[in-house]
Amino acid sequence: MEQQTDAASGVSGCAVAPSTHRASWRSKAVRGGKRGARLIAQLAVVVAVYAAGCALASVLPVHLPGNIVGMVLLLVLLGTGLVKARHVGDACDCLLDNMSLFFIPAGVAIMGCFSLLEGNAAKFALVCVVTTVLVFLATSYTVMLVSRLMARRGSSAGASAAGATATATDEEA
């Protein structure tokens, strides 16, 4: 076994100088703290939009759940550019990554009411299968539609840029 000598510290047997190690630890801690603060700020924006959606739902003449109104409100804010994707992106990614945890209370509640569902198990299973297929179909058609719209938008933007270049070239000649 060969002992390594660290050139920066001159200490035999250490791969990294202590001062470098502390600096990288500190920089990692600072980066982690900044990321955590950004995540908390973004979650605050999402919760504020949710609260605004609940408040708006309570005064609407039509009975709509506040969370649905909040999601529509967030969509409108993102669509108009009042809220940018970077203002809520990390928080939304975090919530989506951990979405399965949000279904645990619902699953436990269903297991608590299993005696009520026992006689209708076949109907319940059929509803679960049919709605799952419908969600798959709706998602796939939505993805196809958005892909086509983005392809059209990209080709029309490319065509308009090419047309502008051709016009500029014609004018120079």
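Let me begin with D90, which counts as partly exposed at 31% relative accessibility. Please keep in mind throughout that this is a predicted model.

D90 has a partner. Its salt bridge is with R38, and the closest N and O atoms of the two are 2.8 Å apart. R38 also counts as partly exposed, at 39% relative accessibility. What does the pair tie together? R38 belongs to helix α1, residues 18–59, and D90 to helix α3, residues 85–97, so the salt bridge ties together parts that are 52 residues apart in sequence. A search of the whole structure finds 1 salt bridge, and the contact between R38 and D90 is a salt bridge of this kind.

I turn now to the cysteines. How many disulfides does the structure hold? The number is 0. A disulfide is a covalent bond between the sulfur atoms of two cysteines. For C94, the closest cysteine sulfur is that of C92, and the two are not bonded because 9.8 Å between the sulfurs is too far; the cut-off for a disulfide is 2.5 Å. As to accessibility, C94 counts as partly exposed, with a value of 28%. C128 likewise counts as partly exposed, its relative accessibility being 35%.

Next, the surface. Which residues make the nonpolar patch of about 750 Å²? They are L126, V129, V130, V133, L134, L137, Y141 and M144. Let me take L126 as an example. This residue lies in helix α7, which covers residues 121–172. Is L126 buried or exposed? With a relative accessible area of 55%, L126 is exposed, the threshold for that term being over 50%.

Finally, the pockets. The largest pocket has a volume of about 580 Å³. Its lining consists of 13 residues, and those closest to the centre are V46, N67, M71, L74 and L95. Which helices each supply at least two residues of this lining? They are α1, α2, α3 and α4, where α2 spans 66–80 and α4 spans 99–102. The largest share, 4 residues, comes from α2.

To draw two of these points together: helices α1 and α3 each supply at least two residues of the pocket lining, and these helices also carry R38 and D90, the residues of the salt bridge. With regard to the cysteines, I would repeat that the predicted model holds 0 disulfides. Thank you for your attention.

Technical notes:
Residues numbered from 1 in each chain as written. Predicted model: local features only at pLDDT ≥ 70, side-chain atom pairs only at ≥ 80, totals over all residues. Heavy atoms only, no water. Buried < 20%, exposed > 50% of the residue type's maximum accessible area, 1.4 Å probe, protein only. Salt bridge = Lys/Arg side-chain N within 4 Å of Asp/Glu carboxyl O. Patch = residues over 30% accessible without salt bridge, like charges linked within 9 Å, V, L, I, M, F, W, Y side chains within 5 Å. Areas by Shrake-Rupley, 256 points an atom, 1.4 Å probe, with all protein chains shown as cover. 1 Å grid on protein atoms, 1.4 Å probe; cavity = no way out; pocket = protein on both sides within 12 Å on 5 of 7 lines; lining within 4 Å. Points joined across faces, edges and corners; volume = space filled by probe spheres on them.
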